[in-house]
Amino acid sequence: MSATADHAESNLAARLGFQPEQVVQEIGYDDDVDQELREDIEKIIGSELVDEDYDDVADGVVLWFREDDGDLTDALVDAIAYMEEGGSILLLTPKTGRDGYVEPSEIGEASTTAGLSAAKSISAGKDWTASRLSTPKAAKKR
């Protein structure tokens with residue numbers, strides 16, 4: 001990989017909004033997650049992601065979600081419960097044609113129902129699409 005490609009890859013977590021010293025909770029971890037993206041986020045925040053059992057307030061949430069993981073609205077509402085006011089959720093869903101693909105309309109509907117606003121989806125590795133979801137207050141700060 002060229003230096004330029006390395007640089008672009010290392011900025012993905014920063015482009016997704018992660019910052020040093022944030023506490024980021026990871027929900028939905030499984031064998032299929034993108035390990036490079038996880039490591040990239042951990043490099044930016046300067047610590048490991050905390051798991052689903054973390055019971056304090058987090059600055060943000062990484063939510064890996066597949067079609068058969070249940071109700072997306074419920075998952076988003078649960079993710080918000082331990083999030084710092086003004087925090088955001090990085091919703092990662094499998095890309096089109098991959099097992100567990102989630103329709104964009106379902107993401108939009110679940111986000112709205114959970115009281116979140118969604119930014120444009122971007123590619124987050126070869127198998128995942130990322131949607132940054134913010135509380136309305138966080139969205140106004142931008």
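**Close-up 1. E84 in strand β3 of the predicted model.** We start with E84, a residue that sits in strand β3. With a relative accessibility of 41%, E84 counts as partly exposed, because that class lies between the 20% limit for buried and the 50% limit for exposed. Look next at the contacts of E84 beyond four places in sequence: here we find V57, A58 and D59. V61 is also worth locating in this view, since 23 residues separate E84 from V61 in sequence, while their C-alpha atoms are 9.8 Å apart in space.

**Close-up 2. Strand β6 and its enclosed setting.** This view turns to β6, which covers residues 128-134. Of its seven residues, six are buried, so the strand is largely enclosed by the rest of the structure. The next two views introduce the strands that pair with β6.

**Close-up 3. Strand β3 paired with β6.** Strand β3 spans residues 83-94 and runs antiparallel to β6, with seven bridges between the two. To find your place along this pairing, look for L92, which lies opposite A130 of β6. The residue from our opening view, E84, belongs to β3 as well.

**Close-up 4. Strands β4 and β5 paired with β6.** Strand β4, made of residues 117-118, is joined to β6 by two bridges in an antiparallel arrangement. Here A118 has L133 of β6 as its bridge partner. Strand β5, residues 122-123, likewise pairs with β6 in the antiparallel sense, over two bridges. In that pairing, I122 is matched with A130 of β6. A130 is thus a handy landmark: it is the residue that L92 stands opposite, and it is the bridge partner of I122.

**Close-up 5. The hairpin of β5 and β6.** Four residues lie between the two strands of this hairpin. Keep an eye on G125, whose phi is positive, near 105°.

**Close-up 6. The second largest pocket, with a volume of about 160 Å³.** The lining of this pocket is made up of 13 residues, and those closest to the pocket centre are P104, I107, S121, T129 and S131. Elements giving two or more residues to the lining are β3, α5 (104-113) and β6. Which element gives the largest share of the lining? That is α5, with three residues. Sorted by class, the lining holds seven nonpolar and six polar residues, and no charged ones.

How values were computed. Residues numbered from 1 in each chain as written. Predicted model: local features only at pLDDT ≥ 70, side-chain atom pairs only at ≥ 80, totals over all residues. Heavy atoms only, no water. Buried < 20%, exposed > 50% of the residue type's maximum accessible area, 1.4 Å probe, protein only. Pairing = 2+ DSSP bridges. 1 Å grid on protein atoms, 1.4 Å probe; cavity = no way out; pocket = protein on both sides within 12 Å on 5 of 7 lines; lining within 4 Å. Points joined across faces, edges and corners; volume = space filled by probe spheres on them. Nonpolar A, V, L, I, M, F, W, Y, C, P; charged D, E, K, R; others polar. Contact = heavy atoms within 4.5 Å.
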